[in-house]
4 protein chains.
Amino acid sequence: MRNTFGNIFTLTTFGESHGEAVGGIIDGMPAGIEVDMDFIQHQLDRRRPGQSQITTQRKEPDHVELLSGVYQGKTTGTPIGFMVRNTNQRSSDYNNMVDLFRPSHADYTYYNKYGLRDPRGGGRSSARITISRCVGGALAMLALQQLGITIQAYTTQVGDIKLEGDYTHYDLSQIDSNIVRCPDLEKAQQMEALIREVKADGDTIGGVIACVIKGCPVGLGEPEFDKLHAQLGAAMLGINAVKGFEYGLGFDGVSQRGSQQNDVFVAHHGQITTRTNNSGGIQGGISNGQNIYFRVAFKPVATLLRSQNTVDANGCATVLQAKGRHDPCVLPRAVPIVESMAAMVLLDNYLLNKTVHI
Amino acid sequence: MRNTFGNIFTLTTFGESHGEAVGGIIDGMPAGIEVDMDFIQHQLDRRRPGQSQITTQRKEPDHVELLSGVYQGKTTGTPIGFMVRNTNQRSSDYNNMVDLFRPSHADYTYYNKYGLRDPRGGGRSSARITISRCVGGALAMLALQQLGITIQAYTTQVGDIKLEGDYTHYDLSQIDSNIVRCPDLEKAQQMEALIREVKADGDTIGGVIACVIKGCPVGLGEPEFDKLHAQLGAAMLGINAVKGFEYGLGFDGVSQRGSQQNDVFVAHHGQITTRTNNSGGIQGGISNGQNIYFRVAFKPVATLLRSQNTVDANGCATVLQAKGRHDPCVLPRAVPIVESMAAMVLLDNYLLNKTVHI
Amino acid sequence: MRNTFGNIFTLTTFGESHGEAVGGIIDGMPAGIEVDMDFIQHQLDRRRPGQSQITTQRKEPDHVELLSGVYQGKTTGTPIGFMVRNTNQRSSDYNNMVDLFRPSHADYTYYNKYGLRDPRGGGRSSARITISRCVGGALAMLALQQLGITIQAYTTQVGDIKLEGDYTHYDLSQIDSNIVRCPDLEKAQQMEALIREVKADGDTIGGVIACVIKGCPVGLGEPEFDKLHAQLGAAMLGINAVKGFEYGLGFDGVSQRGSQQNDVFVAHHGQITTRTNNSGGIQGGISNGQNIYFRVAFKPVATLLRSQNTVDANGCATVLQAKGRHDPCVLPRAVPIVESMAAMVLLDNYLLNKTVHI
Amino acid sequence: MRNTFGNIFTLTTFGESHGEAVGGIIDGMPAGIEVDMDFIQHQLDRRRPGQSQITTQRKEPDHVELLSGVYQGKTTGTPIGFMVRNTNQRSSDYNNMVDLFRPSHADYTYYNKYGLRDPRGGGRSSARITISRCVGGALAMLALQQLGITIQAYTTQVGDIKLEGDYTHYDLSQIDSNIVRCPDLEKAQQMEALIREVKADGDTIGGVIACVIKGCPVGLGEPEFDKLHAQLGAAMLGINAVKGFEYGLGFDGVSQRGSQQNDVFVAHHGQITTRTNNSGGIQGGISNGQNIYFRVAFKPVATLLRSQNTVDANGCATVLQAKGRHDPCVLPRAVPIVESMAAMVLLDNYLLNKTVHI
């Protein structure tokens, strides 16, 4: 509830943008897994600001420190506490925002919910908080690797520029070959150009991230409320700026007929499989052994580097002149976060599924 | 976890399509609420099969019995057990399906997950299970009514026939004036015609349901993983046949710029409000007092009244000739289910939000 | 939370003494377990009223109906709904209690907590509610049987009459040979005589139930808050009329020195074991493979068949003249409840422990 | 589950005795509470080692750092991350214990549960972990203070030396006047002498801590599984070395008759109260407005400063010669831990109880 994610493998997080640190506790991590610190840091680096010219210029190394739960390089089965110190805050950037509500941000809702709020850098509503998700996700991935499960996300749309095909049409090894994290290099260039244009304009732009999970065994997911895709959906919708989630054919598939969309079962070398995968790897809320794929919609970032009209806490009209360092487009940095959330859902369900039989 | 929904106000369900009964337990229902049995039954009637010519002809009265938690017409604060007896099962319809896997159904995944399955009517994966959600949702609505919160869902798309505008363009009092549950009567007729055509063809068709929540106070939703829209998304994605969820501008909004999409705050008669509502009533995961609206994508029903190729448990190719009574389009009956899930999410968050202050 | 017990294997209950039914939902029951209805009913019969002259004379057959989750005699892994109809209510017995608070009962606290209460038979606070626990426990025992784990509880003290030794001194096959459920037949006779004497006096008497769990594997229990004995303690303290819990040497052991109480490890035929078992089979909150044993203190039942002074809801002094049918001593009927709660804790922890490794 | 305590107000902990740090995350802390850092540190100081000659000589300042959730001295309603660095580890003390199992410690059970263990200072099973509980408890107390609820624990028995009366017989302001934390100064001296004698002998001794909660409103606690005393019991049994819990008359009351033990309701200046308080302030699992009191049994510490026989991981007999710095009696340092756990239970239930009505 609230700041905890998952049932068996859980991540509980803390931290604000300009507080002492952000971090969390991973509970239910299986014992005996080798902890590859380089991999964890690598995922953090893919998320961190300042990594390219199209991301925010806040430059923090985001060095993670594991505080417990690891002994002689292996997980012990006890909780893993971790934190990343906040080092590059420029809280003074927010001095002019203390008493006003930034449009489409959480200022107004936090203030009304809690009766007070930490205005520095968006406080808890900052995307800086997703650091903890990347750490949790990276540890989950280390366990999933041993099970042969891989997760790859990529930018499939920025503004109106979009990839036409699904993941089967691209070489996913190219995702990190460009700063947009799009496997189609030509589209990637167009996306990058659009982001630069939007940035020059002091504006922001949205987009869509696609994700594919390969190697998932049959049987993960719970039939009723905790369908696998319901869990994946909640995980993605919890990421800052996400406005939509769809899996398999998603919204586009609603205009099809059942006879078109049904995935016919066939036997292939003695293995039961499906001829098509319109179901996106999940049937009745449970993984069916095919690739799982889904798409996540991100709105344009609310923080603009141009003036906006708004009101202050007294309801008086005023003008907001943003000064912070912000992303013109969150998608490149959100790719590892999407992967991380998916990884935690998968591992959590894998573990829970072990309890179906005694 | 698994068959329980919610944190403070919770619904735990049981039942299979052809078992003795379906039902559940509602826990955390506030004390002292008057229980309007007619309203609860009304919501069940809107969901039940056989209510019109475009729904399945399985005719069950679906009479709900409350077994506890109510005394002299009021809730006592103790758990409300309830059940609906299954009376109109025709299990013999499924005799030919015991050993084969219906395409895009849960047969294959259940069988592999549990090692055995109840093949009668889809067992637990049947949409009959959603009866329990309607009961839980109806009770939640009785509490929400006292808070001035209303929830209205309607069919906004069937196949390629769709309403162009959002909820603000229609008279929502017309939703139940037609069997499709669409507030645009002309489109409703077209949708109905399409469903009849598809049905005559032994086929099925998907669509989209829209939902709007009015009167929600500021402050509901939790900032991190349990953002209000993440909870609504999980709730909707848990409904049978749902493939996507979006709120506010959703997927369409990703091609906009921040300067277009941001909802500027203005003061209106001393009240702070927003000029537009692209955020869909939720900012930073917390309700902002504007109307909450979202859309839910339903795939075409997997059960066809025509033959389909498939395999049996041994992987041998076979032909499935469906005989059951099924819906050519689930949307009309899914409207109260969408409302019910939303109601439970709202009440749960309303109650949790009371704990923010001592 | 509230009316749900357990984490992986969970029991959620509903029902009041004089409502329509009592029952519950068992979730997380492993799939493929054979359901022995005779055994479940047997456990209910050991709990039911009217089984002997020293229990309440309310005579209900307490026939349990399983409503879901079982197919062809085996559990399917889906939730098991169940209920027992209330058939022998004499609500008129409680007419004189509607407006007053029975001493040491829950009337006053329920009324103040909820603002209203169901006065018939104690409503939800009635021990009749423990029926659901016996059903949940019986199903858990069916799974534990396959793992070689057995649970036996017995009456070890009634009033001042107590067994001097622990479980190792008695033939536990004799527990059900007498209506007190005490394995020492001589003491059993004395206890029975005391209960008859107390009953004749319109009074009640307390006692202690001991319980031993054999065959528990090493490793069950979670190190921090959910230590195995903390879970067992919570389970027992949740039973009506329980006032204390201790395991291993318990309260008596506090006056010992560490050098006396420590259980020295020894190797026995290549197996590591402990020379003594003062720890009660649990070390650091985790089962160590030795027998687990604990003791549960029950206060004398609050309902007396003699007049008592009390006040009504207005604070006016009045006299309560009880008329119901009540137990002079709850221990004989509480024995299967203690076993049931222990069984659910054990199975829940067994399942959770499967998730420690991938 | 596992390393999280509570439902609404929750504490999740991490850390091992000789790891980088111990700490945790407090979630659900009400917003707007002033954070008195001196009080938090004071509670930690009452728990810390080296505070007197009868506690372990491991000298750590145990300085707590709050990492989030507080802004301008007040809680913001967001999670409070905190940690205490481990600074005074002497891991070499444990070099000789890596391959053997200390009697009545968690070495054997951890090793078998997880397949590996951190042997330094007992790893996660160390009582050092209770630091996090004291921080969580101190924050809970800051909220409870505003509600007029106070919690006081004290040592009531060490070995065979015990206070004869309950809390009503002593001046509780004297608890911290002596290093044993016993309000009876004469008994305190005897207890201290006994602890010194035991320590000189390289041995350890157990005892009992009593606790009283004053000012608790009527209505806290949930009727079924989460009875207030069941939650308190679980909280206490989760503390290292605890073997038993009882409330009200507890085990001693079982030999009474109902007519003796029942608490008769009386009106006192228009207020309903009870003539006696044998119920310990809880009826039907719910607080009744009287003082809540309970007792907690602690076994003698397992670590002795004398040699003990044991076996190693291969089952070979060996001798353990302890070298660490340990407590001859944990009770003086456990007093603030008992208070802390009680405080968290109370606040959690207070918050949950706000959701009973809309």
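**Interfaces and helix packing in a predicted multichain model**

Good morning. Let me begin with the contact of chain B with chain D, which takes 16 residues from chain B and 16 residues from chain D. Please keep in mind throughout that this is a predicted model.

The area buried between chain B and chain D is about 1400 Å², and carbon and sulfur atoms give 71% of that area. On the side of chain B, K354(B), T355(B) and I358(B) lose the most area to chain D, and together they account for 48% of what that side buries. As for electrostatic pairing, the rule finds 0 salt bridges across the interface of chain B and chain D. There are, however, 5 residue pairs in polar contact between these two chains, with both residues at pLDDT 80 or more.

Which helices of chain B each supply at least two residues to the side that touches chain D? They are α3, spanning 130–146, and α7. Helix α7(B) provides the largest share of that side, with 4 residues. By residue class, the side of chain B that touches chain D divides into 12 nonpolar, 3 polar and 1 charged.

I turn now to chain B and chain A. Here the contact takes 109 residues from chain B and 109 residues from chain A. The two chains bury about 8300 Å² between them, 59% of it on carbon and sulfur atoms. Within the area that chain B buries against chain A, R2(B), K113(B) and F225(B) supply 11%, more than any other three residues.

How many salt bridges are counted between chain B and chain A? The count is 12. As an example, the side chains of E224(A) and R133(B) meet in a salt bridge at 2.8 Å, N to O. The rule also finds 53 residue pairs in polar contact across this interface, again with both residues at pLDDT 80 or more. The side of chain B that touches chain A is made up of 45 nonpolar, 43 polar and 21 charged residues.

Over all chains, a search of the whole structure finds 88 salt bridges. Consider a pair inside chain A: the side chains of E339(A) and R46(A) form a salt bridge at 2.9 Å, N to O. E339(A) belongs to helix α7 (residues 331–353) of chain A and R46(A) to helix α1 (residues 37–47) of chain A, so this pair ties together parts that are 293 residues apart in sequence.

Finally, helix packing. Two packed helices are described by the angle between their axes and the distance between the axes. In chain B, helix α5 (residues 228–237) and helix α7 (residues 331–353) pack at an angle of about 145 degrees, with their axes 9 Å apart. The crossing of α5(B) and α7(B) is right-handed. From α5(B), the residues L228(B), Q231(B), L232(B), A235(B) and M236(B) take part; on α7(B) they meet V338(B), M341(B), A342(B), V345(B), L346(B), D348(B) and N349(B). This contact divides into 9 nonpolar, 2 polar and 1 charged residues.

In chain C, the axes of helix α5 (residues 228–237) and helix α7 (residues 331–353) come within 9 Å and cross at roughly 145 degrees. α5(C) passes α7(C) in a right-handed crossing. The contact includes L228(C) and M236(C) of α5(C), together with V338(C) and N349(C) of α7(C), among others. Its residues divide into 9 nonpolar, 2 polar and 1 charged.

Thank you for your attention.

Notes. Residues numbered from 1 in each chain as written. Chains lettered and ligands numbered in written order. Predicted model: local features only at pLDDT ≥ 70, side-chain atom pairs only at ≥ 80, totals over all residues. Heavy atoms only, no water. Axes fitted to C-alpha atoms, helices over the stretch in contact; angles between N-to-C directions. Left-handed = near helix turned anticlockwise from the far one by under 90°. Contact = heavy atoms within 4.5 Å. Nonpolar A, V, L, I, M, F, W, Y, C, P; charged D, E, K, R; others polar. Buried area = accessible area lost by both parts, 1.4 Å probe. Salt bridge = Lys/Arg side-chain N within 4 Å of Asp/Glu carboxyl O. Polar contact = N/O pair within 3.5 Å; in protein donor to acceptor, adjacent residues only side chain to side chain.
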